[in-house]
Amino acid sequence: MRADGPGEQTKSARDVSKDSGVFSQENSDSAEAHGKEMSTLVAVELIQIHERARQGRYRAVRQSKLTQLKEIEKMSKDIGGKYQEAAVKIQALWRGHSVRRKLERRKTEQYLAAGLYYPSYIPTEQREKSLAIREYRHTVQKDYQREFEENEQKEKLRYLKVWGPWVMDDMTDEIREWFVEWYHKTGVFPQYPTEEQGGSLALIEGRVITPQHYLEQQIELERIKRLPKETRDKIKADKKLEKIKLKEKLKQEKAKEKSKKKEITDGFIMGTSSILPTLSNVYQEYENVWGNKDESDNPLQKYYLDMVKAKEEREAKLELRKIVDEMMRLELQVLNEALERDRANKKGKKGGKGKKKGKGKKGKKGGKGKKRKDLTEGKTVEELFELLFTSGIIRRCPQTSMSSFLGEFSYSAFEYRRMKQNPLHNLGDLRNVIMQYAVLPLGSRLIHQIAPLIKSLCLIGPEGVGKKLLVNAICCEVGAILFDLTPSNIANKYPGKQGLQMLMHLVEKVSKLLQPSIVFIDGAEKLFYKKIPKQEKATDPRRLKVHLPKFVKSITKEDMVLLLGITEQPWAAKPRPLVKLYNKFIFVPPPDYASAFLLWQNLLMKYPGVKRDFNVSALVKVAAGYSIGTIEEVVAAVLTERRTLNLPFEPLTPMEILDELMKHTPVSQAEIKKYRDWYDKRTPIGKKKAKIMEEQAELGTKQRK
């Protein structure tokens with residue numbers, strides 16, 4: 001059977017009966033009424049009834065849907081829009097958003113390529129490639145160095161074997177001729193130059209006394225001996241007077257130089273440098289040897305055999321000359337003894353017995369003081385190291401590089417000084433000073449021996465400015481061992497007077513055996529407290545006030561050891577012993593605008609979700625005066641894991657950071673002034689600088705008048 005409407009399909013009587021419980025009940029009643037057997041007419045009527053009921057239900061559902069659609073269409077017309085118009089608007093908005101996002105991405109890529117934006121990810125392929133090239137270059141250098149040393153040894157042995165005997169014969173003949181010449185002209189043998197004077201090299205270079213000059217001196221001495229005693233005393237007095245006049249003349253010249261320096265007030269007068277002569281000699285050597293050398297035939301940069309031969313010949317000759325000097329000193333001693341015997345025999349023939357020589361006075365012992373007793377005699381360095389490490393005196397420091405201490409240089413300081421002002425240094429200048437005072441001397445033995453000896457260094461500044469970061473960076477850059485002698489760290493360790501002596505003996509011995517070494521003290525002022533706080537009396541902070549200056553005094557040019565202290569309250573200590581203990585004091589200030597901008601940018605832009613055009617400049621201006629530690633804490637507190645995941649949907653705003661920043665206290669200008677005043681009034685270089693600034697200010701006022 002077909003339905004009334006077009007496209008409508010009929011359902012079977014079984015399906016229709018399932019649609020409603022009423023019809024299913026009727027079906028069962030009719031079946032019971034007609035019995036088991038049903039005629040065809042009754043069956044057809046039953047089917048028609050069910051079909052009409054189904055079609056009626058279908059039309060009712062369809063009519064209700066049409067009514068709902070009409071109501072929705074009427075409502076949309078009343079609002080003023082249509083579904084099609086809404087779809088067009090949504091599509092337009094989405095396409096605009098997509099285009100803007102593509103343009104923003106393209107702009108970000110261009111700015112990243114130009115270096116205007118800070119990248120969140122820095123590719124390491126080029127860096128790894130450069131590191132691999134450097135390692136390969138170092139490997140090739142080691143191979144070349146080993147080959148060069150082997151050839152040096154071969155050339156030296158060859159020269160000593162082939163030419164050594166002939167060279168020694170020539171040297172001895174030349175020296176013997178000098179002996180004979182002296183004996184014929186003076187009747188005595190000359191005095192052989194000492195090793196410090198250069199040995200026989202002094203003879204070749206003409207730095208020894210001539211026989212004629214020796215005879216003139218002897219004649220002058222004989223003439224003076226014949227003079228009366230009064231005349232001799234007068235001559236001695238004249239010589240003393242000449243020496244005094246010479247000293248006074250030198251003092252006057254120094255005073256004139258100082259007066260000239262005082263007259264020059266504009267600019268800084270550089271003192272004499274101990275490294276400059278070495279650099280000049282190296283530069284001159286480069287110009288003489290390599291300046292005009294054609295190396296087109298040596299693309300692999302291997303050694304030159306002719307230069308190796310010339311160098312080894314010079315060194316072999318020096319070694320042979322030392323051997324010849326020892327031989328000729330013994331020969332000269334034999335000749336002098338023979339000459340004395342001849343003179344004694346001549347005097348004996350005349351009937352006079354030679355006077356016996358009196359015994360000379362015994363020389364004093366070389367050492368003035370007593371030799372210090374080794375309290376750990378018989379123990380190896382490994383055992384001593386393990387002892388200090390297990391007790392916590394030697395400790396590990398976190399892996400830190402000097403480049404992690406971010407900071408810009410003070411580019412305007414020169415202009416400020418021209419205006420007779422005293423600007424504060426920036427963190428970039430501070431990093432450069434730390435490199436010169438600590439990293440380079442401890443990292444290079446040559447620089448340590450040439451540069452002025454800095455035995456101790458103290459970093460002063462407020463909390464959180466990066467003092468401990470600098471200590472860790474110095475240790476990691478030079479590979480130094482860190483000995484922590486902080487009062488709280490050595491409390492209840494090595495008790496008593498003998499225990500303290502043992503501790504300092506261990507630190508001094510191990511630090512000098514395992515160079516470079518850094519002896520670290522957190523709270524340098526605690527050793528010389530004016531008044532010990534109650535909460536620190538248990539740690540006995542003044543425990544090392546006597547032994548530590550002795551330790552610093554024992555450091556020599558050969559010891560690559562540095563005492564490194566940090567303090568937040570230098571004024572809490574007695575100034576004289578504190579300033580006497582440390583050679584240099586460096587003030588670590590909070591970051592200025594340029595350094596703070598670099599720090600904020602580096603910390604925020606590590607997160608990819610933070611927009612590259614985030615207004616860091618405005619944030620830095622508002623957040624002026626905060627220390628490095630505070631800035632790192634604020635960034636870590638704001639950009640939590642949950643907030644980082646939500647950055648693509650809710651961009652970071654400066655207000656979030658400012659709200660967290662307000663919970664912390666910045667470093668005030670009054671606190672910075674307190675540190676600078678202490679530095680200017682207590683440290684030697686601060687006093688000199690303050691005096692110069694006062695003189696320049698007075699001169700400026702006079703010029704204005």
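1. The salt-bridge count comes to 18, where a salt bridge is a side-chain nitrogen of Lys or Arg within 4 Å of a carboxyl oxygen of Asp or Glu. The model is predicted, so local features need pLDDT of at least 70 and side-chain atom pairs count only at pLDDT 80 or more, while totals for chains, interfaces and linings use all residues. Residues are numbered from 1 along each chain as its sequence is written, and side-chain values use heavy atoms, with hydrogens and water left out.

2. Glu51 and Arg54 form one salt bridge, at 2.7 Å from N to O. Both residues belong to helix H3 (residues 40-79) and sit three residues apart, about one turn of the helix; helices are DSSP runs of H or I with at least four residues, strands are runs of E with at least two, and both are numbered from the N terminus. Glu51 is buried, at 6% relative accessible area, and Arg54 is buried as well, at 7%. Here buried means under 20% relative accessible area, exposed over 50%, and partly exposed in between (1.4 Å probe, protein chains only).

3. A salt bridge also joins the side chains of Lys156 and Glu319, with 2.5 Å from N to O. This pair links distant parts of the chain, since Lys156 is in helix H5 (residues 125-162) and Glu319 is in helix H11 (residues 305-349), 163 residues apart. Lys156 is buried, with a relative accessible area of 17%, whereas Glu319 is partly exposed at 35%.

4. Between Lys512 and Asp559 the closest N and O atoms of the salt bridge are 3.7 Å apart. Lys512 lies in helix H17 (residues 496-513) and Asp559 in the loop between helix H18 (547-553) and strand S5 (561-567), so the pair ties together parts that are 47 residues apart in sequence. Lys512 counts as partly exposed at 21% relative accessibility, and Asp559 as buried at 10%.

5. Asp173, Arg176 and Glu331 are joined into one network by salt bridges that share partners.

6. Asp169, Asp170, Glu174 and Glu177 form a negative surface patch. Patches are made of residues with over 30% relative accessible area and no salt bridge, like charges being joined within 9 Å and nonpolar side chains (Val, Leu, Ile, Met, Phe, Trp, Tyr) within 5 Å. Asp and Glu count as negative, Lys and Arg as positive, and His and the chain ends are not counted. Within the patch, Glu174 is located in helix H6 (residues 164-186) and is partly exposed, with a relative accessible area of 40%.

Note on methods: Areas by Shrake-Rupley, 256 points an atom, 1.4 Å probe, with all protein chains shown as cover. Charge placed at Lys NZ, Arg CZ, Asp CG, Glu CD.
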